[in-house]
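User: I would like a close look at a single part of this protein, taken slowly enough for a first-year student to follow. Please start with how its strands are joined, and then go on to what lies around them.

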Amino acid sequence: MQFCASDSTPDTDETADWGYVFVQEPGQACFGCLFPHALEEETSGRAPCAKVAAVKDILKALSGIALYAVDTVLMPRRREWNYRQISLSATMPDVARTIERRHDCKLCTPAEGS
Ligand SMILES: [Zn+2]
């Protein structure tokens, strides 16, 4: 049985229909800010990876977005998002938005007294 790493981006689901790219920059929102419930699941037990067929189309689409994101970090290219979600079938909305840092994030906010 395999187990997923919590910080893999870009990421897709078991249907290989949709996925996301998340850009984490210093002092900004982290994976825990984006998916706070994932941290709850991680602390209560590990979840097995879904069996995913090798489907290139969604991964190539996400790779293009990820390459653009890398360019925006390294070069003066404009990007108005840190979370970008796409669905090839359009059964889910395409999303481009900025995830704000959560002040109660268990991953990037130090606990009081530490
Ligand atoms: Zn965080």
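Analyst: In this predicted model, Trp-18 has Ser-87 of strand 3 as its bridge partner. That bridge belongs to the pairing of strand 2 with strand 3, residues 83–87, which runs in the antiparallel sense over five bridges. Strand 3 also pairs with strand 4, residues 95–97, again in the antiparallel sense, and here over three bridges. In this second pairing, Tyr-83 has Arg-97 of strand 4 as its bridge partner.

Between strand 3 and strand 4 there is a loop, and Ala-90 is found in it. The backbone at Ala-90 deserves a pause, since this residue has a positive phi of about 65° although it is not a glycine. Ala-90 is also exposed, because the number of other C-beta atoms within 10 Å is 10, and a residue counts as exposed at 12 or fewer.

From the loop we can turn to the core. The largest nonpolar core has ten residues, among them Val-21, Phe-22, Phe-31, Leu-34 and Ile-58. Strand 2, which spans 18–22, supplies at least two residues of this core, and so do helix 1 (31–34) and helix 3 (56–74). As a general tendency, nonpolar side chains in soluble globular proteins are buried together.

Two residues of the core show how it connects to other parts of the chain. Phe-31 lies in helix 1, and it is buried because 20 other C-beta atoms lie within 10 Å, where 20 or more is what the term requires. Phe-31 and Cys-108 are 77 residues apart in sequence, yet their C-alpha atoms are 8.8 Å apart in space. Leu-34, once its neighbours within four places in sequence are left aside, is in contact with Phe-22, Ala-29, Tyr-83 and Ile-99. Tyr-83 in that list is the residue whose bridge partner in strand 4 is Arg-97, and Phe-22 is itself a member of the core.

It helps, finally, to set this part within the whole chain. The protein has three helices and four strands, and read along the sequence they follow the pattern β-β-α-α-α-β-β. Of the contacts with a separation of 6 or more, 69% are between residues 24 or more positions apart. Of the 114 residues of the protein, 17% count as buried, and Phe-31 is one residue that is buried, whereas Ala-90 in its loop is exposed.

Terms used. Residues are numbered from 1 along each chain as its sequence is written. This is a predicted model: local features need pLDDT of at least 70, side-chain atom pairs count only at pLDDT 80 or more; totals for chains, interfaces and linings use all residues. A nonpolar core is a set of buried Ala, Val, Leu, Ile, Met, Phe, Trp, Tyr and Cys residues joined through C-beta atoms within 7 Å. Two residues are in contact if their C-beta atoms, placed from the backbone, lie within 7 Å. Two strands pair if DSSP finds at least two bridges between them.
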